[in-house]
Amino acid sequence: MKVLYQGIAGAYSHLAVLAHQPGARAEGVRDFISIIRGVTSGSADRGLVPISNTIVGAVPGAAEAIESSPDVEILATFDQRITHCLAALPAADLASIRWVESHPVALAQCARWLSGRRLAPHAVEDTAGAARAIAADRDWTRAAICNAEAAERYGLVVLARDIADCPDNYTTFALVGRRVAAAVRAA
C-alpha cells in the first residue's frame, strides 16, 4: 500500500504514516492538494493529512484540500503527540542562532518559546525540510524546529527539547482514501 504525506522523510506526517500504517510505502509530496490528487487519480492507495492541533487549532488548507474532491473520504482519524526540538549544526549553540525555520504550524506551536529567546521565526514548507536545508547550507546562525528523528536523519544536533508552548501538543491526522463509489466508477 502506498500512502502519501506532505513533506519529506522525517516530517511529522512521515512518522505518523510509519506508526499507523505499518508496512505501507510512505511517499512525501509538496502539499495537501497533491495528496488528494494522488489518491483521487489512483496513483496512491491512501493519504495522510494533519487536520488539527491542540495548540493552534485547524491546520490551514487541510480541510479545504480534503473537501476539494467529492471522490475522497476520511477513512480514520488518530491523534499523535508532537514533540518539537530545536536542532542546529554540530558546534552551534543557542547564542549563535539568529533565526529558526519550520512549518508555519510548528512555529505557531512554539511562538512563546521563540519570543522568550528573541529568535526570529522563518516559515518554510515543512519541519524536516527545514532540518535538511540547514544541514545542506551549513549556516550556524539558523536552527530548525523539527522532531529528534529529523535532526538525526539530517546530521543536526538537538539544542533544546520539548519546546512547544503547551506540553499536551497533539495533532489529529486523517487517513483518506477514494470513496467506494468513485473507485467502482473508475474500474
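**Arginine 138 and arginine 118.** I began with arginine 138 in this predicted model, and I found its place in the loop between helix H6 (127–137) and strand S9 (142–146). At 43% relative accessibility I put arginine 138 down as partly exposed, since that value falls between the 20% and 50% limits. I then looked up its backbone and noted a phi near 55 degrees, which is a positive value in a residue other than glycine. I wrote beside this that most residues other than glycine have a negative phi.

I turned next to arginine 118, for which phi is also near 55 degrees, again positive in a residue that is not glycine. Arginine 118 sits in the loop between helix H5 (111–116) and strand S8 (120–123). Is arginine 118 buried or exposed? With a relative accessibility of 77%, arginine 118 counts as exposed.

**Tyrosine 154.** I looked up tyrosine 154, which belongs to the loop between helix H7 (148–153) and strand S10 (157–161). Its relative accessibility is 18%, so I entered tyrosine 154 as buried, the limit for that word being under 20%. Which residues does tyrosine 154 contact, once neighbours within four places in sequence are left aside? I listed Ile8, Ala9, Ala128, Ala131, Arg132 and Ala135. I also checked the separation from alanine 87: tyrosine 154 and alanine 87 are 67 residues apart in sequence, and their C-alpha atoms are 9.9 Å apart in space.

**The aromatic pair.** My search for paired aromatic rings gave a count of 1. The pair is formed by phenylalanine 78 and phenylalanine 173, whose ring centres are 5.6 Å apart and whose planes meet at 20 degrees, so I recorded the pair as stacked; planes under 30 degrees apart earn that word. Because phenylalanine 78 lies in strand S5 (residues 72–81) and phenylalanine 173 in strand S11 (residues 170–178), the pair ties together parts that are 95 residues apart in sequence. I noted both phenylalanine 78 and phenylalanine 173 as buried.

**The nonpolar core.** I then went to the largest nonpolar core, which has 16 residues, and found that those with the most contacts inside it are Phe32, Ile35, Ile36, Val49, Ile66 and Val176. The elements giving two or more residues to this core are helix H2 (32–41), helix H3 (62–67) and S11, and the largest share, 4 residues, comes from H2. What does valine 49 touch, not counting residues up to four places away in sequence? For valine 49 I wrote down Phe32, Ile35, Ala62, Ile66, Thr172, Phe173 and Ala174, and I marked Phe173 in that list as the residue that also pairs with phenylalanine 78.

**The cavity.** Last, I looked for enclosed empty space and counted 1 cavity of 30 Å³ or more. I noted a volume of about 240 Å³ for the largest cavity. Its lining is made up of 17 residues, and Tyr12, Ser13, Pro50, His103 and Thr127 are those that lie nearest its centre. Helix H1 (12–20), helix H4 (104–109) and S11 are the elements that give two or more residues to this lining, with the largest share, 3 residues, coming from H4. What is the make-up of the lining of the largest cavity, in nonpolar, polar and charged residues? I entered 9 nonpolar, 7 polar and 1 charged.

Key
Residues numbered from 1 in each chain as written. Predicted model: local features only at pLDDT ≥ 70, side-chain atom pairs only at ≥ 80, totals over all residues. Heavy atoms only, no water. Phe/Tyr/Trp six-rings, centres within 6.5 Å; stacked < 30°, edge-to-face > 60°. Buried < 20%, exposed > 50% of the residue type's maximum accessible area, 1.4 Å probe, protein only. 1 Å grid on protein atoms, 1.4 Å probe; cavity = no way out; pocket = protein on both sides within 12 Å on 5 of 7 lines; lining within 4 Å. Points joined across faces, edges and corners; volume = space filled by probe spheres on them. Nonpolar A, V, L, I, M, F, W, Y, C, P; charged D, E, K, R; others polar. Core = buried A, V, L, I, M, F, W, Y, C linked by side-chain atoms within 4.5 Å. Contact = heavy atoms within 4.5 Å.
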